[in-house]
Amino acid sequence: MSSTRAAKRLTVKRPAFALFEGYAVSSIIASFEMAGLLPALESAGLDEQAIIDRDPDAAALLRASLRFLEQRSVVLLDDGVYRLSSYGQEVCRDKGYLVWLVGGYGESLRRVETFLGGGKRYGEEYVRDGKWVAGGAAMLGGKDVVPQAKDLLRQIEFDQVVDLGCGNARLLISICRENGARGVGIDISPEACADAKVAVAAAGLTDEVVITQADAGEIKEIEALPSANLVVTFFLLHEILAQGRDVLADYLTDLSNTLPRGASLLIAEVEPATGERDAHEWFTPEFTYVHALMRQILLPAEEWVAVLEQSGFVVRSVQRNDMPGGILLLAQTAR
């Protein structure tokens, strides 16, 4: 059988191998980013000396990883140097999604069988990796959410920002730098806060931006809120919603009562997958499923508007963005 016929037969008759390949490629690309190797492939490339210099003990595995990526057309070997192919460049433009899934939720997804029938629950024996959830979200958000978010922020005035669920604080740093504002970042993950503090120091903003490890769900414990005229919260509120819609409404009511009159609230969330047979949805079914694993639900845009207005906010804008299923809501306190 010719190689062309064999490939066609494999595609038509054995589609599981496409998933098999995708899993391996996604895992390696995400791991290269997490290990700090991907930037080299994205720029000058990796030659044999760079492979040895990187870590002599891991050189054999690194070579095998690069050969595999070459076989899957992600990299090209050109005059002894591995570089991303045009296909690899396209894939790596969306590497944040791979880091978010593989790095952030890979271990939890590997344990689905125990959640289904092994008597274990997410959040007890197994949890997500907060560092890479935050890191992946920052990468994908920087490309697909932040540009539209900054367009919305240009419509308002502010000088004191609180970022609830700040992750590695890249968004907060960018907002404060571009607007001459002071900021406070709140996150429950010690790993994310450690990365955030490093990023703040590297940006030279230690006097302007403060990172605090705390539960963003405890509004009354966040001392910076009464003087903040902007709160941003990206992909946090669905975690509050997991405790019930009434809990979310109470949380938002506490927030609106704590903020000064006219303060702005910028929210980024993801709408749930529709499941429509004739619609191929990118990302949203996986995002919806991962959050179901954590016993969390998602809301469509109109329900976010309803709960915000119920809680003392006036919704000024609802926009979709380049993140599949992503929505941005800009609201203000009404009291």
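**E269 and its sheet, question by question**

Q: In this predicted model, what makes the approach of the E269 side chain to the backbone nitrogen of L237 a polar contact?
A: A polar atom of the E269 side chain lies 3.1 Å from that L237 nitrogen. The cut-off for a pair of N or O atoms is 3.5 Å, so this pair falls within it.

Q: Which side chain joins that of E269 in a polar contact?
A: That is H238, at 2.7 Å. H238 and L237 are also among the residues that E269 touches, a list including F235, W304 and G325.

Q: Why is no salt bridge assigned to buried E269?
A: A salt bridge needs a side-chain nitrogen of Lys or Arg within 4 Å of a carboxyl oxygen of Asp or Glu. For E269, the nearest side chain of opposite charge is R128, 10 Å away, so the criterion is not met. The H238 contact does not count here because His is not counted as charged.

Q: Where does E269 sit, and what is the order of the strands in the sheet around it?
A: E269 belongs to strand β8, residues 264-270. The open sheet has seven strands, ordered β6-β5-β4-β7-β8-β10-β9, with mixed pairing.

Q: Why are β6 and β9 said to stand at the edges?
A: Each has a single partner strand, so one side of each is left without a neighbour in the sheet. From one strand to the next, the twist averages 15°.

Q: How do you know that β4 and β5 pair?
A: Five bridges join these parallel strands, and pairing asks for at least two, so they qualify. One of the bridge partners is I186 in β5, matched with L164.

Key
Residues numbered from 1 in each chain as written. Predicted model: local features only at pLDDT ≥ 70, side-chain atom pairs only at ≥ 80, totals over all residues. Heavy atoms only, no water. Helix = DSSP H or I, 4+ residues; strand = E, 2+ residues; numbered from the N terminus. Buried < 20%, exposed > 50% of the residue type's maximum accessible area, 1.4 Å probe, protein only. Polar contact = N/O pair within 3.5 Å; in protein donor to acceptor, adjacent residues only side chain to side chain. Contact = heavy atoms within 4.5 Å. Axes fitted to C-alpha atoms, helices over the stretch in contact; angles between N-to-C directions. Lists of a residue's contacts leave out its neighbours within four places in sequence.
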